[in-house]
Amino acid sequence: MSIPRKQVAVIGAGLAGLACAHHLQTAGYCVTVFEKSRGAGGRMSTRRFDISADQNPVSTWQCDHGAQYFTARDALFIKQVDAWIALGVVSIWSPILHSFGVKPDLQSQHAGKLTRYVGVPGMSAPARQLARDLSVRCEQRVVSIKKQADQWMLAIDSQNNLAGPFDQLVIALPAQQVDDLLAASTDVPLAFVEQARASTQQHALSPCWALMLHFAERLPLPFDAAFVNPDNSKPVLSWICRDSSKPSRPVGESWLLHASTGWSSQQLETQNTDVIQAMLAEFNVICGLNADRHVPIHASAHRWRFAQAQQSLNAPGFIWQPQTGLGICGDWLNQGRVEGAWLSAYHLAQAILIGK
Ligand SMILES: Cc1cc2nc3c(=O)[nH]c(=O)nc-3n(C[C@H](O)[C@H](O)[C@H](O)COP(=O)(O)OP(=O)(O)OC[C@H]3O[C@@H](n4cnc5c(N)ncnc54)[C@H](O)[C@@H]3O)c2cc1C
């Protein structure tokens, strides 16, 4: 008699959720991923736009508006990155880098010695590669989790639409969204909620406004990307990048600006049009561009409510309680960033597989 395969649900199709799902599925588990958005990738995200003439799309442009590039230091992640390179979904990006007002002690970090990787043809490519062999149900927002005869059910979009049952459940969401989910889920044992909350309170993610710009002509700037930390107390921007300088991007001139955490927090509820105006004005000032001459033909702002976790050394890596069958992974549990998200997922999957 064959033993039934363990049913696992993963909530969130960012890199962490997909990597965890991939490891469990490879080990023989039956995994379903639930994602609230239209596609996989989460904060490793690429936006595509049509350029129209007479209301007909004539070409497209694109921009990575979340993670910009990633690094690989851990041997396990280096192996994964090599596999992605072999599959053609990741390449090395070697930008001409510049720093505006960056403190001397950070300059060597920014000086370009790091190997920087990007997804190709867009940042979402490695996540989408992982998603290809998985069952990912998009546009399915999980609003709460419920216990039914020792197994877990997911309430999707409304309390009446239930998916399951599942033996084990992986939550792969930003810290604040983990809190929201657990607050709405009265069947989750208090010990798990308390363990989760001890981490989510410490590792909350900060917001970031992103501005994507497309120009008809190349801007006269001698760099592909710049760290911005002007010597004033309230910097608007933190990062400027010629997105079209990344490998395998469409021909054209596309730029991405990230606002600083402080400015993004202050302007969180500001209208998109005002954000576009303020960030573009700062871009022109910092780069010394003539605002009348270099007018973007397309500008689009995106607000990341939960963008980046602080790189904290005391984060536990992942959370797993075998007695409840509940686990949590994500970048914020492993020092933030793409590598941290993947490692958090990998180590959670190993813990689930050994059943401890
Ligand atoms: C502006 C910005 C700049 C960044 N720059 C860099 C960088 O340069 N280098 C770097 O390494 N990292 C960078 N990062 C961080 C990097 O993107 C993240 O570390 C990584 O992508 C996190 O992956 P994750 O799977 O943990 O979370 P996420 O990618 O956030 O995945 C969570 C997923 O859960 C989904 N979801 C949320 N709620 C629900 C729900 N209720 N039901 C179902 N699905 C849900 C979301 O839609 C999302 O797809 C940046 C991030 C941002 C936003």
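These are my notes on two sheets and the ligand site of this structure.

**Ground rules.** I'm working from a predicted model, where local features need pLDDT of at least 70, side-chain atom pairs count only at pLDDT 80 or more, and totals for chains, interfaces and linings use all residues. Residues are numbered from 1 along each chain as its sequence is written, and side-chain values use heavy atoms, with hydrogens and water left out.

**Six-stranded sheet.** I traced an open, mixed sheet of six strands, ordered β8-β2-β1-β12-β19-β18. β8 (135-137) and β18 (319-321) have a single partner strand each, so one side of each lacks a neighbour in the sheet. The twist from one strand to the next averages 20°; axes here are lines fitted to C-alpha atoms, with angles from 0 to 180 degrees between N-to-C directions. Strands are DSSP runs (E, at least two residues), as are helices (H or I, at least four), numbered from the N terminus. Two strands pair if DSSP finds at least two bridges between them. I then looked at β1 (7-11) and β2 (30-34), which pair in parallel over five bridges. Ile 11 has Phe 34 in β2 as its bridge partner.

**Three-stranded sheet.** I also found an open antiparallel sheet in the order β9-β10-β11. Its edge strands, β9 (142-148) and β11 (162-166), each pair on one side only. β9 and β10 (151-156) are joined by six bridges. Lys 147 has Trp 152 in β10 as its bridge partner.

**Ligand site.** Which residues are closest to the ligand? I noted Ala 16, Glu 35, Arg 43, Tyr 69 and Asp 331, out of 36 that surround the ligand (a residue counts if one of its heavy atoms lies within 4 Å). By class, I get 18 nonpolar, 12 polar and six charged residues in the shell; Ala, Val, Leu, Ile, Met, Phe, Trp, Tyr, Cys and Pro count as nonpolar, Asp, Glu, Lys and Arg as charged, and the others, Gly among them, as polar.

Next I checked contacts to ligand oxygens. The side chain of Glu 35 has an N or O atom 2.6 Å from one ligand oxygen. For Arg 43, a polar side-chain atom lies 2.7 Å from a ligand oxygen. Gln 68 has a backbone N or O atom 3.3 Å from an oxygen of the ligand. The protein covers 95% of the 1,000 Å² of accessible area that the ligand has on its own (Shrake-Rupley method, 1.4 Å probe).

Lastly, α1 (15-26), β17 (298-308) and α9 (337-354) each supply at least two shell residues.

Notes:
Polar contact = N/O pair within 3.5 Å; in protein donor to acceptor, adjacent residues only side chain to side chain.
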